[in-house]
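Please work through the following exercises with the sequence and the structure open beside you. Each task is followed by a solution that goes step by step.

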Amino acid sequence: MGLGSVDLNLLVALDALLSECNVTRAAERTSVGQPAMSASLARLRKHFNDQLLMKQGRNLVRTPLAETLVDPVREALSAAEAVFVRAPEFDPRSDHAAFTIIAADYVTMVLLRPLLAALAEEAPHVRIGVRPVEVNFADQLRRGHADMVIIPTELSGGRLAFPHEPLFTDRYVLVVDRDNPDVGETVTAEQLASLRYVAYSAGAILTIADSELETLGLRLQVDVTTQEFVVASFLVTGTRLASFALERLARQLSDAARLRIVECPLPLRVIHETMFWNPRQTEDPAHRWLRGRIVDFARSL
């Protein structure tokens, strides 16, 4: 069958159906009615001689053939958009745009907070939402539910085979209350093992410090856990607890949280914060503008 006999509009419907695994949401995503999307699914099933989406309980799931189509379909759409869609240049002073960024509260405080303050002046009609990093962050980016993910390459686990740009580096330090009597200006590995800790925990996502310490054979005595890096630092205040924090954030919070920063005696590796995005948006003028501003601010840190 030649390409001329195929309705290429079905490519858009197929991408939405494979991404959403739901006819109603796929219709909403492509701004068509549900009957029209159902008709497109029927035509696609006939074309591929495969159900593509099949019932599993109350949900639809992709068939094995459909799973193999996900990435090629997205690549084909990206190529088509690069050829046919020529968006006008983006003017941040007057144009409207909305973005969703997936990032930890650490990145929000260190990088995005000063960026957002600047954008409020230079791009008054741009709206940015920040969502926390979850286990399925790669899938959210792939499905177009987020515009970019900012995460250390050390935590990406090879799941983000997307265009990317390095932003900045940081390292872990030990933080304690300024008046903590158990920790001096330096600390030994034996003292680290004897302290009690506030630890960051977010489901299956481990911090690099957690992974490194386990590799080095040090198991922390954890009394408190939190899903926020910023909260972890403040939970140390006024206690004998300790925590591992990224240095840029620790220095930013040291006065407010009354922290004392102590060098870790163990060789914890540096982290590399990196911005990832879907290749579909590489040439989008508004997206390209925001990526450029993020890079500019990262370089100024």
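**Exercise 1.** In this predicted model, determine in which sense strand β1 and strand β2 pair, and over how many bridges.

*Solution.* Begin with the two stretches, residues 53-56 for β1 and residues 59-62 for β2, which pair in the antiparallel sense over 4 bridges. Next, take one bridge as a check on the register: the partner of Lys55 is Leu60 in β2. Finally, turn to the connection, where the hairpin has 2 residues between the strands and Gly57 takes a positive phi near 65 degrees.

**Exercise 2.** Describe the open sheet of 5 strands by its strand order, and explain which strands stand at its edges.

*Solution.* The order of the strands is β4-β3-β5-β12-β6, and the pairing in this open sheet is mixed. At the edges stand β4 (126-131) and β6 (164-170), each of which has a single partner strand, so one side of each is left without a neighbour in the sheet. Direction ignored, neighbouring strands of this sheet are turned by 20 degrees against each other on average. For one of the pairs, look at β3 (residues 97-103), which runs parallel to β4 and is joined to it by 6 bridges. Within that pair, Ala98 has Arg127 in β4 as its bridge partner.

**Exercise 3.** Establish whether strand β10 is enclosed or open to the outside, and identify how its side chains are distributed.

*Solution.* First consider burial: of the 5 residues of β10 (residues 242-246), 5 are buried, so the strand is largely enclosed by the rest of the structure. Then consider direction, for which a general rule is useful: in a regular strand the side chains alternate between the two faces of the sheet. Here Ala242, Phe244 and Leu246 point one way, whereas Ser243 and Ala245 point the other way, and all are buried. As for pairing, β10 and strand β7 (residues 172-177) are antiparallel and share 5 bridges, with Val176 standing opposite Ala242.

Continuing along the chain, Glu247 has its place in helix α11 (residues 247-253). With a relative accessible area of 14%, Glu247 lies under the 20% cut-off and is therefore buried. If its neighbours within four places in sequence are left aside, Glu247 is in contact with Asp170, Arg171 and Val173.

**Exercise 4.** Work out how helix α3 is oriented against α2 and against α1, and which residues make each contact.

*Solution.* Two packed helices are described by the angle between their axes and the distance between the axes. For the first pair, α2 (residues 23-30) and α3 (residues 34-48) pack at an angle of about 110 degrees, and their axes are 9 Å apart. The two helices are therefore roughly perpendicular to each other. On the α2 side the residues are Val23, Thr24, Ala26, Ala27 and Thr30, and these meet Gln34, Met37, Ser38 and Leu41 in α3. Sorted by class, the residues of this contact of α2 with α3 divide into 5 nonpolar, 4 polar and no charged.

For the second pair, the axes of α1 and α3 come within 10 Å and cross at roughly 100 degrees, which makes α1 roughly perpendicular to α3. From α1 the contact draws on Leu10, Ala13, Leu14 and Leu17, and from α3 on Met37, Ser40, Leu41, Arg43, Leu44 and Phe48. The classes in the contact of α1 with α3 are 8 nonpolar, 1 polar and 1 charged residues.

**Exercise 5.** Are Ala26 and Asp15 buried or exposed, and which residues is each in contact with?

*Solution.* Ala26 lies in helix α2 and, at 0% relative accessibility, counts as buried. Apart from neighbours within four places in sequence, Ala26 is in contact with Ala16, Leu17, Glu20 and Met37. The C-alpha atoms of Ala26 and Val12 are separated by 9.7 Å, the two residues being 14 residues apart along the chain.

Asp15 is found in helix α1 (residues 9-20), and at 4% relative accessibility Asp15 counts as buried as well. With neighbours within four places in sequence again left aside, Asp15 is in contact with Arg29, Val73, Arg74, Leu77 and Arg280.

**Exercise 6.** Place these details in the setting of the whole protein chain, asking how many helices and strands the chain has and what percentage of its residues is buried.

*Solution.* The secondary structure comes to 12 helices and 12 strands, and buried residues make up 44% of the 301 residues in the protein chain. Of the contacts between residues at least 6 apart in sequence, 75% join residues at least 24 apart. The protein chain exposes about 15600 Å², of which carbon and sulfur atoms supply 53%.

Conventions: Residues are numbered from 1 along each chain as its sequence is written. This is a predicted model: local features need pLDDT of at least 70, side-chain atom pairs count only at pLDDT 80 or more; totals for chains, interfaces and linings use all residues. Side-chain values use heavy atoms; hydrogens and water are left out. Axes are lines fitted to C-alpha atoms, for helices over the stretch in contact, and angles run from 0 to 180 degrees between N-to-C directions. Angles under 35 degrees count as roughly parallel, over 145 as roughly antiparallel, 65 to 115 as roughly perpendicular and the rest as oblique. Contact means heavy atoms within 4.5 Å. Ala, Val, Leu, Ile, Met, Phe, Trp, Tyr, Cys and Pro count as nonpolar, Asp, Glu, Lys and Arg as charged, and the others, Gly among them, as polar. Two strands pair if DSSP finds at least two bridges between them. Buried means under 20% relative accessible area, exposed over 50%, partly exposed in between (1.4 Å probe, protein chains only). Accessible areas come from the Shrake-Rupley method with a 1.4 Å probe; for residues, only the protein chains shown count as cover.
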